[in-house]
Amino acid sequence: MSAEGDPRDLVKLTHDKLSVDTVSDSVTCPSCGAISIFIGTTRNSFEGMKVVQLEYEAYIPMAESELRKIYTDIRARWPTVRHICVHHRLGVVPVTEASVIIGISSPHRRDSLEAVQYCIDTLKGTVPIWKKEVYEADESRWKENKECQWT
C-alpha cells in the first residue's frame, strides 16, 4: 500500500506475467475509497476458431508516450483521480492470462469506474500495441481493434 504522496502515473510494458495485486497496490492510497481494475485476458475462441494464444508487439517509446497522453486526458476529465497504473504484456500471452491490467483510484467509485473504461477504450484506439491471434490449426491473424484510429 502506498503513502498519500503525489498522484502517480505508472506504465509498464513487459514480457513477464502480469499481477493484479501489483497494480492494485500501486494505486492504493488512504484518501481513496475506490480502486477500479480492468483485466483483459486471452479468450479461447474468436468467430468459431480456437485461439491458443495471443502475441503482442509494441513500439515501446511511442506506446508509453500515448499512455501518458491518456493519463493527462483522464486527469482533465476526472480531477479527483489519484493514481493511474497500466501494465500491458508483450510477447506470448496464453489463454486465461492477462494481457492488460488497468488500475485507477479515486475518492468515489464513479470517477474511477468511468476513467478505467475511458482508459481501455482509448488505449485500444491510440496506443501502438499490436495483437496477433494464434489458432489451433497453426494459423494466425494480426487483429485490428475496432477502436483503432489509424485504420
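**Briefing: sheet, helix packing and annotated positions**

Lys124 is found in helix H3, and Lys124 is also one of the positions covered by the UniProt annotation "binding site", which comes from an unreviewed entry. The structure described here is a predicted model. Its elements include an open sheet of four strands with mixed pairing, two helices, H1 and H2, that pack on this sheet, and an antiparallel pair formed by strands S8 and S9.

**The four-stranded sheet**

- The open sheet has the strand order S1-S5-S7-S2, and the pairing within it is mixed.
- Strand S1 (9-14) and strand S2 (34-41) are the edge strands, each of them pairing on one side only, and neighbouring strands of the sheet are turned by 5° against each other on average when direction is ignored.
- Strand S5 (residues 84-89) and strand S7 (residues 98-106) run antiparallel and are joined by five bridges; Cys85 has Gly103 in S7 as its bridge partner.

**Helices on the sheet**

- Helix H1 (residues 20-27) packs on the sheet, where it touches S1, S2, S5 and S7, and the direction of H1 makes about 20° with that of S7.
- Helix H2 (residues 60-77) likewise packs on the sheet, touching S1, S5 and S7, with a direction that makes about 150° with that of S1.

**Contact of H2 with H3**

- The axes of H2 and helix H3 (residues 109-126) come within 10 Å and cross at roughly 150°, and because angles over 145 degrees count as roughly antiparallel, H2 is roughly antiparallel to H3.
- The crossing of these two helices, H2 and H3, is right-handed.
- From H2, the residues Glu66, Leu67, Ile70, Asp73, Ile74 and Arg77 meet Ala115, Tyr118, Cys119, Thr122, Leu123 and Thr126 of H3; by class, the residues of this contact divide into seven nonpolar, two polar and three charged.

**The hairpin of S8 and S9**

- Strand S8 (residues 129-135) and strand S9 (residues 140-143) run antiparallel and are joined by four bridges, with Glu133 standing opposite Arg141 in S9.
- Four residues lie between the strands of this hairpin, in which Asp138 takes a positive phi near 55°.

**Annotated positions**

- According to the unreviewed UniProt entry, the "binding site" annotation covers His108, Arg109, Lys124, Lys131, Lys132 and Glu133.
- These annotated residues are spread over 26 residues of sequence and are also spread in space, with up to 37.1 Å between C-alpha atoms.
- Among them, Lys124 is located in helix H3, while Glu133 stands opposite Arg141 of S9.

Terms used
Residues numbered from 1 in each chain as written. Predicted model: local features only at pLDDT ≥ 70, side-chain atom pairs only at ≥ 80, totals over all residues. Heavy atoms only, no water. Pairing = 2+ DSSP bridges. Axes fitted to C-alpha atoms, helices over the stretch in contact; angles between N-to-C directions. Contact = heavy atoms within 4.5 Å. Parallel < 35°, antiparallel > 145°, perpendicular 65-115°, else oblique. Left-handed = near helix turned anticlockwise from the far one by under 90°. Nonpolar A, V, L, I, M, F, W, Y, C, P; charged D, E, K, R; others polar. UniProt positions renumbered as here; feature names shortened; annotations may be inferred.
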